[in-house]
Amino acid sequence: MLNLEKILKVKQEHEDKWMKYDFVHGVAIGYKRVAGQETDIVGITVFTTNKRTINEIPEEQRLPESIDGIMVDVVEEEMPNPFNDLKGEDINMYRPMPGGIQISHLIRKSEKYLEIGIGTLGMFVKCKDDPSNLYILSNWHVLEKMNADIYQPNYTGDNSSKLLIAEVSKGDYYECADAGIAKVYVPSKDVQVNQILELGAIRGIYEGEPELGQLVKKRGRTTQVTHGEIIYIYATISNGTNIYKNQVMVKGIDCDNRKISKGGDSGSIVLTYDEEVGENNNKVLGLLWGGNEEENIMVYSPIKYVFEELNLEMCK
């Protein structure tokens with residue numbers, strides 16, 4: 001019988017030590033894999049960029065095959081990267097604006113070129129600190145800096161005022177989330193709250209914990225609508241710059257030979273996917289921030305941590 005509480009406790013007791021090892025960039029809970037195939041054994045997974053033989057690893061950094069009766073699996077996989085700044089397919093202007101569309105900001109401008117930061121408008125939210133205004137939710141690495149102007153779809157130069165939609169007001173790289181918000185300046189007629197392009201109405205927040213094998217979907221500006229299956233939960237992950245805890249990793253499925261997410265999809269809202277379109281369909285699970293394109297994996301921060309850090313609530 002699966003004792004997830006015990007596995008999580010053991011993982012939390014050892015992950016800080018393991019994350020200091022030269023070759024480790026993540027620790028999660030997931031199904032053990034043998035020769036690349038998933039088994040039905042749930043244990044602790046340790047991610048490395050360079051899987052080595054036991055003799056190549058210093059004795060003090062060798063990982064056990066099991067600990068307290070829980071299997072420890074070592075998986076060779078590249079670090080997840082923040083998804084940003086990649087040309088993609090949907091660069092259209094939308095009015096009214098739903099979630100799942102392109103937003104951008106000016107990074108720098110010279111006589112010869114413009115450098116633009118690009119990502120996805122996740123959804124519209126309310127901030128409890130300022131309940132009278134509407135805010136865009138996305139990643140902090142998409143919004144990037146305080147008071148930055150946000151455009152939809154793109155900053156195009158000096159004549160971009162009609163595309164200006166918001167100003168960045170809050171955000172950071174938090175312990176459990178890469179998240180930020182921008183105050184909306186366009187009239188209410190230009191906004192679709194609680195809507196994701198092509199996926200329809202958001203049906204609230206998913207109240208449960210993430211589960212292995214759970215189906216999800218998202219709509220981003222680059223890969224648009226894709227689906228996946230949760231393969232790792234309660235993941236502590238380094239992207240080389242920041243370490244995030246309690247993250248969720250999703251493997252792409254039924255993507256029609258496309259990746260589940262790519263550059264520019266950062267900031268997408270991850271929703272529950274109920275194939276029967278039942279009552280648990282289209283509930284918010286989290287905020288996509290990056291992944292591993294080669295392995296067709298995306299990583300998201302559970303929405304509860306995003307809302308807690310930024311003091312947010314859903315729009316009515």
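**Exercise 1. Which residues does Lys109 contact, leaving aside its neighbours within four places in sequence?**

Solution. This is a predicted model.
- Step 1: list the partners. Lys109 is in contact with Leu114, Tyr155 and Asp158, once neighbours within four places in sequence are set aside.
- Step 2: place the residue. Lys109 belongs to strand 7, which covers residues 101–109.
- Step 3: check its exposure. The relative accessibility of Lys109 is 43%. Buried means under 20% and exposed means over 50%, so Lys109 counts as partly exposed.
- Step 4: look across the sequence. Gly157 is 48 residues from Lys109 along the chain, yet their C-alpha atoms are 8.8 Å apart.

**Exercise 2. Is Ile165 buried or exposed, and what does it touch?**

Solution.
- Step 1: find the element. Ile165 sits in strand 12, residues 164–173.
- Step 2: read the accessibility. Ile165 has a relative accessible area of 0%, so it is buried.
- Step 3: go through the contacts, not counting residues up to four places away in sequence. Ile165 touches Arg95, Met97, Ile103, Leu121, Ile136, Ile150, Tyr151 and Gln152, and also Lys183, Val184, Tyr185 and Val186.
- Step 4: add a distance. Ala182 lies 17 residues from Ile165 along the chain, with 9.0 Å between the C-alpha atoms.

**Exercise 3. Where is the place of Ala148, and which residues does it touch?**

Solution.
- Step 1: locate it. Ala148 is in the loop that runs between helix 2 (140–143) and strand 11 (149–151).
- Step 2: test for burial. Ala148 has 7% relative accessibility and therefore counts as buried.
- Step 3: name the partners. Not counting residues up to four places away in sequence, Ala148 touches Leu143, Ala166, Glu167 and Val168.
- Step 4: take one partner further. Ala166 is 18 residues from Ala148 in sequence, and their C-alpha atoms are 8.5 Å apart in space.

**Exercise 4. How many disulfides are there?**

Solution.
- Step 1: set the cut-off. Two cysteine sulfur atoms must be within 2.5 Å.
- Step 2: try Cys127. Its nearest cysteine sulfur belongs to Cys315 and is 11 Å away, and Cys127 is in no disulfide.
- Step 3: try Cys176. Its closest cysteine sulfur is in Cys127, at 19 Å, which is too far for a bond.
- Step 4: give the count. It comes to zero disulfides.
- Step 5: check burial. Cys127 is buried, with a relative accessible area of 4%. Cys176 also counts as buried, because its relative accessibility is 7%.

**Exercise 5. Which residues of helix 3 are buried?**

Solution.
- Step 1: list them. In helix 3 (residues 303–310), the buried residues are Ile303, Tyr305, Val306, Phe307 and Leu310.
- Step 2: recall the geometry. An α-helix has 3.6 residues a turn, so residues three or four places apart point the same way.
- Step 3: look past the end. Asn311, just after helix 3, takes a positive phi of about 55°.

**Exercise 6. What radius of gyration does the protein have, and what would a compact globule have?**

Solution.
- Step 1: compare. For 316 residues, a compact globule would be near 20 Å; the protein has 20 Å, so the two agree.
- Step 2: add the box. The C-alpha atoms fill roughly 60 × 50 × 40 Å along the principal axes.
- Step 3: count elements. The protein has three helices and 22 strands.
- Step 4: check burial. Buried residues make up 55% of the 316.
- Step 5: check contact range. Of contacts between residues at least 6 apart in sequence, 66% join residues at least 24 apart.
- Step 6: turn to the surface. About 14700 Å² is exposed, and carbon and sulfur atoms supply 45% of that area.
- Step 7: finish with charge. The 35 positive and 49 negative charges have mean positions 4 Å apart.

Terms used:
Residues are numbered from 1 along each chain as its sequence is written. This is a predicted model: local features need pLDDT of at least 70, side-chain atom pairs count only at pLDDT 80 or more; totals for chains, interfaces and linings use all residues. Side-chain values use heavy atoms; hydrogens and water are left out. Helices (H or I, at least four residues) and strands (E, at least two) are DSSP runs, numbered from the N terminus. The radius of gyration is taken over C-alpha atoms; the globule rule is 2.2 Å times the number of residues to the power 0.38. Buried means under 20% relative accessible area, exposed over 50%, partly exposed in between (1.4 Å probe, protein chains only). Contact means heavy atoms within 4.5 Å. Accessible areas come from the Shrake-Rupley method with a 1.4 Å probe; for residues, only the protein chains shown count as cover. Lys and Arg count as positive and Asp and Glu as negative; His and the chain ends are not counted. The place of a charge is taken as NZ of Lys, CZ of Arg, CG of Asp or CD of Glu.
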